[in-house]
Amino acid sequence: MATQAKIAPPEASLQLTKVAAFLKMRALAWDENLLYASRGYELLCADFNAPSIHWQSVAHYGPAWWRNLRSRSRLSSRLFRDGFHALAVLPSKHLIAAVPGGIVTLAPGESKFRVTHKITRGTRPLHITATPQGQLYWGEYFDNPPRDEVHIYTSANHGSTWQIAYIFPKGAVRHVHNIIYDEWENCLWILTGDNGSECRILKANFDLGCVDLTRVETVLAGNQQARAVACIPTKEGLYFSSDTPLESNYIYFLDRRGNLTKLDGLPTSSIYGCRVGNSFFFSTMVEPSNTNRTQESHLYGSSDGSQWQSLLNWRKDRWPMRFFQYGNVFLPVGNNTTNFLALTTIAIKNADLETSIWKIHT
């Protein structure tokens, strides 16, 4: 069924034209002109420099039989959070992914992912990041009511083995939301949550051949507006969106001198963002609270980083959010060299677990 999305009016400076939609697929990561997506526990890839979009099977992961069975149904896969949840592509073309209960790795030429790390707290990290030098990082994401120490893991051998690179001491943070590589300062940005001083945006340096992260400094902290998951580094600074059910949410810009600018308001929490050429995008999710009352997920975009507008919006479907997830719009990570935006809607009316492709016009 076609995506039932409301589209920005013609006078908007940034326009999107829908060119394709694919059911039961989740867009995960770009590698220049290649887009990786998953269908259950199968990984697919399409070349967007080709005349038409043609998906080819890359590899698969073999979970327990009952997980494989549940992943075939949209509702059961939502209920049990089955399938691939994150993907990083190394310069060597090794692929590293997060699945329920583990980190899995695929070497070039192989067709089956293998487990290289079992998750013992929570089910999986939200994101995995890779540097141009081939180092990998991810942070623990689990409920953590007692506020135990939280670990950041790293690998320097294509995800074959993992070591602890940094430890947040007990009581410091609840969990890690995201780690993002910044090519302009050759550093990592670490985003944590969820309450009070646990909400942090930190800058960390790393050295090749050294496991531990060095000179980890807090840049923003202490309030819900520093609670973030989505972050887009640029030469001039960082764009990020807040992720809080307790206050109004906004898109921000943090320049390289540490100056923070509030750019635009969002109707609810935001946990995904991406860049395509000179255009920037953040999506919002349906996460009802006393502040977030909307039943719509939005895609916000900007052609210059200063003027933002809601480009698309979708209504939440009828299934309970407690069990079947918030309405949300996933945006794939990675370096996208095309003029196409890929997005995946979940728990959305008439567009549940659908990946749609949009051509960008500025």
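In this predicted model, Asp182 and Arg256 are joined side chain to side chain by a salt bridge, with N and O 2.6 Å apart. The contact brings together distant parts of the chain, since Asp182 sits in strand S15 and Arg256 in the loop between S21 and S22, 74 residues apart. The two ends of the pair sit in rather unlike surroundings: Asp182 has 0% relative accessibility and counts as buried, whereas Arg256 is partly exposed at 28%.

That pair belongs to a total of 18 salt bridges. Another one links Asp317 with Arg78, at an N to O distance of 2.8 Å. Asp317 lies in the loop between S26 and helix H3 (321-324) and Arg78 is part of helix H2 (residues 74-80), so this salt bridge ties together parts that are 239 residues apart in sequence. Here both partners are out of the way of solvent: Asp317 is buried, with a relative accessible area of 15%, and Arg78 is buried too, at 1%. The pair doesn't stand alone, either, as Arg74, Arg78, Lys316, Asp317 and Asp352 are linked in a network of salt bridges.

A further salt bridge involves Asp148 and Lys170, whose closest N and O atoms are 2.9 Å apart. Asp148 comes from the loop between strand S12 (136-139) and strand S13 (150-155), and Lys170 from the loop between strand S14 (163-168) and strand S15 (175-182), with 22 residues separating them. Asp148 is partly exposed, its relative accessible area being 30%, and Lys170 is exposed at 58%.

Turning to the sheets, the loop that holds Arg256 runs between S21 and S22, and these two strands are part of an open four-stranded sheet. Its order is S19-S20-S21-S22, with antiparallel pairing. Strand S19 (228-233) and strand S22 (260-266) are the edge strands; each has a single partner strand, so one side of each is left without a neighbour in the sheet. From one strand to the next, the twist averages 20 degrees. Strand S21 (residues 249-255) and S22 are held in antiparallel register over 6 bridges, and Leu254 has Leu260 in S22 as its bridge partner.

Strand S8 (residues 95-99) makes a neat case of a strand with neighbours that can be followed residue by residue. On one flank, strand S7 (residues 86-89) pairs with S8 in the antiparallel sense over 4 bridges, and Ala86 is matched with Ala98. The hairpin of S7 and S8 has 5 residues between the strands, and Lys93 takes a positive phi there, near 75 degrees. S8 also pairs with strand S9 (residues 102-106), again antiparallel, over 5 bridges. Ala98 turns up here as well, standing opposite Ile103 in S9. The S8 and S9 hairpin has 2 residues between its strands, and Gly101 in the turn has a positive phi of about 90 degrees.

How many residues of S8 are buried? The count is 5 of 5, which leaves the strand mostly covered. In a regular strand the side chains alternate between the two faces of the sheet. S8 shows this nicely: Leu95, Ala97 and Val99 point one way and Ile96 and Ala98 the other, and all are buried.

As for nonpolar packing, the largest nonpolar core has 23 residues, and those touching the most other members are Leu16, Phe281, Leu299, Leu312, Leu331, Leu341 and Leu343. Two or more residues each come from strand S23 (272-276), strand S26 (309-315), strand S27 (328-330), strand S29 (340-346) and strand S30 (354-361). Leaving aside residues up to four places away in sequence, Leu16 has contacts that include Ile7, Phe281, Leu299, Leu312, Leu341 and Trp358. Phe281 itself is in strand S24 (residues 279-283) and is buried, at 0% relative accessibility.

Finally, the cysteines. Where might a disulfide be found? Nowhere, it turns out: a search of the whole structure gives 0. For Cys45, the closest cysteine sulfur is that of Cys274, 17 Å away and too far for a bond. Cys274 is in no disulfide either, the nearest cysteine sulfur being that of Cys231 at 13 Å. Both Cys45, at 12% relative accessibility, and Cys274, at 9%, count as buried.

Key. Residues numbered from 1 in each chain as written. Predicted model: local features only at pLDDT ≥ 70, side-chain atom pairs only at ≥ 80, totals over all residues. Heavy atoms only, no water. Buried < 20%, exposed > 50% of the residue type's maximum accessible area, 1.4 Å probe, protein only. Pairing = 2+ DSSP bridges. Core = buried A, V, L, I, M, F, W, Y, C linked by side-chain atoms within 4.5 Å. Contact = heavy atoms within 4.5 Å. Disulfide = S-S within 2.5 Å. Axes fitted to C-alpha atoms, helices over the stretch in contact; angles between N-to-C directions. Salt bridge = Lys/Arg side-chain N within 4 Å of Asp/Glu carboxyl O.
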